[in-house]
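Dear colleague,

Please find below the structure that I am passing on to you, followed by an account of what was found in it.

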Amino acid sequence: MAQLTGSIVKYPARNLVVWYLGLIAVGTIVLTWSISRGSGAESISLIDAIFTATSASCVTGLAVRSTPHDFSFIGQLVILLLIQVGGIGIMTITTFTMFNLGNKPSLRARAILTETLGASDGADLKWILQHVLVVTGVSEGIGFAILLARNLFLYEPGTAAWHALFHSVSAFCNAGFALHDDSLVSFQGDVIVNLTISALIIVGGIGFPVLLDLNKNWRRGPIDGWIHLHLHSKFMLFGTAFFLLAGFVGFLVLEWDGVLDQMPLWKKLLVSGFHSVTCRTAGFNTIDLASLTNATLFISMMLMLIGAGSCSTGGGFKVSTVMVMALHAWKTFQGASRVNFARRTIPGEVIQGATATALLFSVVAIAALTMLLVIEQSSTPHPKSQGLFLDAAFEVVSALGTVGLSTGFTGTLSNMGKLIIIVLMFLGRIGPISVFAALSMTERKTPVEYPKEEPLIG
């Protein structure tokens, strides 16, 4: 036990694994109760309850049961609570509670929070936690108010309020759960709903460190404020704008004569913009994904793999990771010995970490896709597969990136296939490196250093 405790203190990520497993377990138990089942709905099997609880806790949005029909109000409330707690991080909530009880956080709690929120070692954690919860409450509150005002024209007050609250929390937490079986397809041309949900997704996915950094520097003005922003914030703001624009243009061009063909120009722009935003790991959709071209689905997969920001409610291997790798590649081609950006030098350890993150993310996705194909499609010859390979690949990326978008493949999964997706959603939320570090042995020191020899690269 002493060895396990020491390992937990040394690797704070193990606490995150335990807490999220606990959250999923509690959600699974409650979702199997009859009070969580919708009127006239079939009993929720254990595997479906685990899948739903994992998808909600890991803010993914993939669903094997209908949220509006198979779950009662109690069941939907449980899903919403799992989304909220999983979105802002259960350790953030528990540490904030500990502060309010008058206790000082331990070194372990400080290390966990530093890893979760990107806080510096000397940061005032109480201030950070308060601002994280304030940002969450204000963002979801504004979204709720706007959606409520819109919903009052569509539903009776109680239903309007519940839909507004559920979708506001789900959007800010980048969860993608909706109280409509078609997600937001019925709101395809609703400008208010589209813009509100998009704004919540972007704010939730940009990352708490960036939001806190912007809050600290916005009074300096645009030029001076930009200069004083941390390098991570600059990476995130630039990268987010670039990928949103790239996704928007790509979807608009590729689907101009496809799903957008019969739409007026303003609606084409609205649908294209929303799809680009939702690929940031949100999981909502206003078009039938199964009707998209292979090129559009592939670009969507790339955007889902990249995902959102570090220490955010979103998943993926992160925008900042891609920015570091791209900058390193560019500097390497130029023959530069250092990677400089915005009058800052990026340490070699960070570059190695970014490369390892992307590589490990890719390896996990390839391994999971291989297992899923063996389980779900090993008996189907290629001529009869009818695009099932792309559907499976899209599902794997969506789960690992905690996105929640699907071409309809989720409902066809076997129990073993569901288990693979469950593991991917969990890995995607915690982060592959964090999980593997959490389960690994303690650090081993290698006292012997052999002569160096460089293999050929490229």
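**Findings**

The protein chain exposes about 22000 Å², and carbon and sulfur atoms supply 66% of that area. Please note that this is a predicted model.

**Overall picture and confidence**

The average pLDDT of the protein chain is 86, and 84% of the residues score at least 70. Residues 1-9 should be read with this in mind: pLDDT stays under 50 there, and the model has six contacts beyond four places in sequence for this stretch.

The secondary structure consists of 20 helices and two strands. The protein chain has 458 residues, of which 52% count as buried. Considering contacts between residues at least 6 apart in sequence, 72% join residues that are at least 24 apart.

**The largest nonpolar core**

In soluble globular proteins, nonpolar side chains tend to be buried together. Here the largest nonpolar core has 110 residues, and the members that touch the most others are I83, I197, F284, I421 and L424. Helix α17 (residues 348-377) contributes the largest share of this core, with 10 residues.

One of the core residues named above, L424, can be followed further. Apart from residues up to four places away in sequence, L424 touches V364, A368, V396, A399 and L400. Of these, V364 and A368 fall within the residue range of helix α17, while V396, A399 and L400 fall within that of helix α18 (residues 388-400).

**Helices α5 and α15**

Two helices were checked against their expected length. Helix α5 (residues 73-88) has 16 residues and should span 22 Å at 1.5 Å a residue; its end C-alpha atoms are 23 Å apart, which agrees. The buried residues of α5 are G75, Q76, V78, I79, L80, L82, I83, Q84, G86, G87 and I88. I83, in this list, is also among the core residues that touch the most other members. After α5 comes G89, with a positive phi near 95°.

Helix α15 (residues 294-306) has 13 residues, and the distance from its first C-alpha to its last is 19 Å, close to the 18 Å expected at 1.5 Å a residue. Its buried residues are T296, L297, S300, M301, L303, M304, L305 and I306. An α-helix has 3.6 residues a turn, so residues three or four places apart point the same way. The buried residues of α15 pack against α13 (231-254), α14 (265-278), α16 (319-333), α17 and α18. G307 follows α15 and has a positive phi, near 75°.

**A393 and T28**

The packing of α15 against α18 can be illustrated with A393, which lies in helix α18. A393 counts as buried because its relative accessibility is 8%, under the 20% cut-off. Leaving aside neighbours within four places in sequence, A393 is in contact with M301 and L369; M301 is one of the buried residues of α15. A393 and L373 are 20 residues apart in sequence, and their C-alpha atoms are 9.0 Å apart in space.

Elsewhere, T28 is found in helix α2 (residues 13-32). T28 is buried, as its relative accessible area is 8%. Not counting residues up to four places away in sequence, T28 touches L46, A49, I50 and A53.

**The loop between α9 and α10**

Most residues other than glycine have a negative phi, and most peptide bonds are trans. Two residues in the loop between α9 (157-172) and α10 (191-205) are worth listing in this respect, N174 and S183. N174 is not a glycine, yet its phi is positive, about 55°. N174 is buried, with a relative accessible area of 0%. S183 is likewise not a glycine and has a positive phi of about 60°. At 8% relative accessibility, S183 also counts as buried.

**Cysteines**

How many disulfides does a search of the whole structure find? The search finds zero. A disulfide is a covalent bond between the sulfur atoms of two cysteines. Two cysteines may be mentioned here: C173 counts as buried because its relative accessibility is 0%, and C279 is buried with a relative accessible area of 0%.

Yours sincerely

Definitions and conventions
Residues numbered from 1 in each chain as written. Predicted model: local features only at pLDDT ≥ 70, side-chain atom pairs only at ≥ 80, totals over all residues. Heavy atoms only, no water. Helix = DSSP H or I, 4+ residues; strand = E, 2+ residues; numbered from the N terminus. Buried < 20%, exposed > 50% of the residue type's maximum accessible area, 1.4 Å probe, protein only. Contact = heavy atoms within 4.5 Å. Core = buried A, V, L, I, M, F, W, Y, C linked by side-chain atoms within 4.5 Å. Expected span 1.5 Å × (residues − 1). Areas by Shrake-Rupley, 256 points an atom, 1.4 Å probe, with all protein chains shown as cover. Disulfide = S-S within 2.5 Å. pLDDT = per-residue confidence, 0-100.
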